[in-house]
Amino acid sequence: EKGVVCDTVRGVHVCAAMAIEAGALCTLCQEAFGPTESIVNSGGQIWHEGCFVCVQCFQPFPDGVFYEHEGRKFCEHDFHVQFAPCCSGCGEFIIGRVIRAMSQCWHPNCFKCVSCHTELADVGFVKNQGRPLCKKCNAEVKGGSKKFCQKCNLPIHGDSIMYKFQTVHPNHFNCKVCGKQLTAKCREKDGELYCLRCYDNRESAICGACRRPIEGRIIHAIGKTWHPEHFVCAHCEKAFEGRRHYEKKGQAYCERDYKALFGDLCYSCCRPCQGEVVNVLNKSWCIEHFRCSACDVVLATRGGARYIDMDERPYCKKCFEKTPVEMRRRLKKQVD
């Protein structure tokens, strides 16, 4: 550093008698020397041995080495603490050449591209979002072939996640619930990150059959949620696959097994038929639900049911006569 003089005390001791004869005093304490006392001579000044110490820590100079700044003498350690810059790369004091870049100080061999680790002291660099890059890596970042973690500023070579609109390494974060270090399979909920297992336990629906989280399509039926392949008839265990199911005491049944186990189902209300049952057109109806498909008039009484079959649907005589003559003739011919 400019204005700093380094010197070494080589144990130059002068007989105190000579100092007394000359009327010399200690530079520090301004007191005289004893008749047999050794003195230290440095730079034309003389000192008691106990007075020739660092002005900061008041300890003798190790190996007699000191640094002088504005007439004050420091040991090597305290001089570095007071005046030497600290490297932003390694954290050590810088003695010798200092690289000043990005408002910080660096050793020449510590100032490197954060991506490829090329030393930048003599080749130039580009500042990219607060990171020093060589020109080659900066071009790759602009081209999109390289990404940097917005948390540690280091390049991303493997998996990454988007968290709060920033691309980051997942291993910088831990699960909110179990504290486990996260991977790219983590999930975000309300600004918090969770491992996949904890996220499933907190947020995902649980299948009523296998008791595992449901990540895809969900079937909601009989008060539970199901994987589509696990929602099956309680009797034949075949998946419904979108077909109608019928409930009985908390269980789901296909139409065939429901009829076999519990009786006829009303084609209109889809409930078990109560009381008298109308069995026509290969279907069953509650007596009060057997109605004209056009005007909704009840077609069945306690004494029987009067209807006209048209395309396997029941009609009253009045509604049937409203149909075109040609259609009626064709239907009558099919019956005959």
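Valine 168 touches Cys149, Gln150, Lys151, Ile156, Ser160, Ile161, Tyr163 and Phe173, leaving aside residues up to four places away in sequence. In this predicted model, valine 168 belongs to strand β12, which spans residues 166–168, and with a relative accessible area of 2% it is buried. One of the residues it touches is Ile156; valine 168 and isoleucine 156 are twelve residues apart in sequence, and their C-alpha atoms are 7.9 Å apart in space.

**The chain as a whole**

- The protein chain has seven helices and 24 strands, and buried residues make up 33% of its 336 residues.
- Among contacts between residues at least 6 apart in sequence, 18% join residues that are at least 24 apart.

**Confidence in the prediction**

- The average pLDDT of the protein chain is 79, and 87% of the residues score at least 70.
- Confidence is lowest in strand β1 (residues 4–8), where the mean is 36, and highest in strand β18 (residues 251–253), where it is 90.
- Over residues 1–14 the pLDDT is below 50, although in the model this stretch has 36 contacts beyond near neighbours in sequence.

**Cysteines**

- A search of the whole structure finds zero disulfides.
- Cysteine 137 is in no disulfide, the nearest cysteine sulfur being that of cysteine 134 at 3.5 Å; because a disulfide requires two cysteine sulfur atoms within 2.5 Å, a separation of 3.5 Å does not qualify.
- Cysteine 210 is likewise in no disulfide, and the nearest cysteine sulfur, that of cysteine 207, is 3.8 Å away.
- As for exposure, cysteine 137 is buried, with a relative accessible area of 2%, whereas cysteine 210, at 27% relative accessibility, counts as partly exposed.

**Histidine 48**

- Histidine 48 lies in strand β4, which covers residues 45–48, and at 9% relative accessibility it counts as buried, because the cut-off for that class is under 20%.
- The side chain of histidine 48 reaches the backbone oxygen of alanine 32 at 3.2 Å.
- Not counting residues up to four places away in sequence, histidine 48 touches Cys26, Cys29, Glu31, Ala32, Phe33 and Glu37, so that Ala32 appears both among these contacts and as the residue whose backbone oxygen the side chain reaches, at a separation within the 3.5 Å allowed for a polar contact.

**Aromatic rings**

- The structure holds 14 aromatic pairs.
- One of them joins phenylalanine 61 and phenylalanine 66, whose ring centres are 5.4 Å apart and whose planes meet at 45°, so the pair is tilted; both of these phenylalanines are buried.
- Another joins phenylalanine 290 and tyrosine 307, with ring centres 5.5 Å apart and planes at 85°, so this pair is edge-to-face.
- Phenylalanine 290 lies in the loop between β20 (283–286) and β21 (300–301), while tyrosine 307 lies in the loop between β22 (304–305) and β23 (308–310), so the pair ties together parts that are 17 residues apart in sequence.
- Phenylalanine 290 counts as buried, at 0% relative accessibility, whereas tyrosine 307 is partly exposed, with a relative accessible area of 30%.
- Ring pairs link Phe290 and Tyr307 with Tyr267 and Trp285 into a cluster.
- Tyrosine 267, a member of that cluster, also has the charged end of lysine 283 sitting over its ring, 5.1 Å from the ring centre.

**Threonine 118**

- Threonine 118 lies in the loop between β8 (104–106) and β9 (126–128), and with a relative accessible area of 36% it is partly exposed.
- Beyond residues up to four places away in sequence, threonine 118 touches Phe111, Lys112 and Cys113.
- Threonine 118 and leucine 133 are 15 residues apart in sequence, and the distance between them in space is 8.8 Å, C-alpha to C-alpha.

Methods:
Residues are numbered from 1 along each chain as its sequence is written. This is a predicted model: local features need pLDDT of at least 70, side-chain atom pairs count only at pLDDT 80 or more; totals for chains, interfaces and linings use all residues. Side-chain values use heavy atoms; hydrogens and water are left out. Buried means under 20% relative accessible area, exposed over 50%, partly exposed in between (1.4 Å probe, protein chains only). pLDDT is the predictor's confidence in each residue, from 0 to 100. Helices (H or I, at least four residues) and strands (E, at least two) are DSSP runs, numbered from the N terminus. Contact means heavy atoms within 4.5 Å. A polar contact is a pair of N or O atoms within 3.5 Å; within protein, one must be able to donate a hydrogen and the other to accept it, and residues adjacent in sequence count only if both atoms are side-chain atoms. Rings of Phe, Tyr and Trp (its six-membered ring) pair if their centres lie within 6.5 Å; planes under 30 degrees apart count as stacked, over 60 as edge-to-face and the rest as tilted. A charge sits over a ring if NZ of Lys or CZ of Arg is within 6 Å of the ring centre and within 35 degrees of the ring normal.
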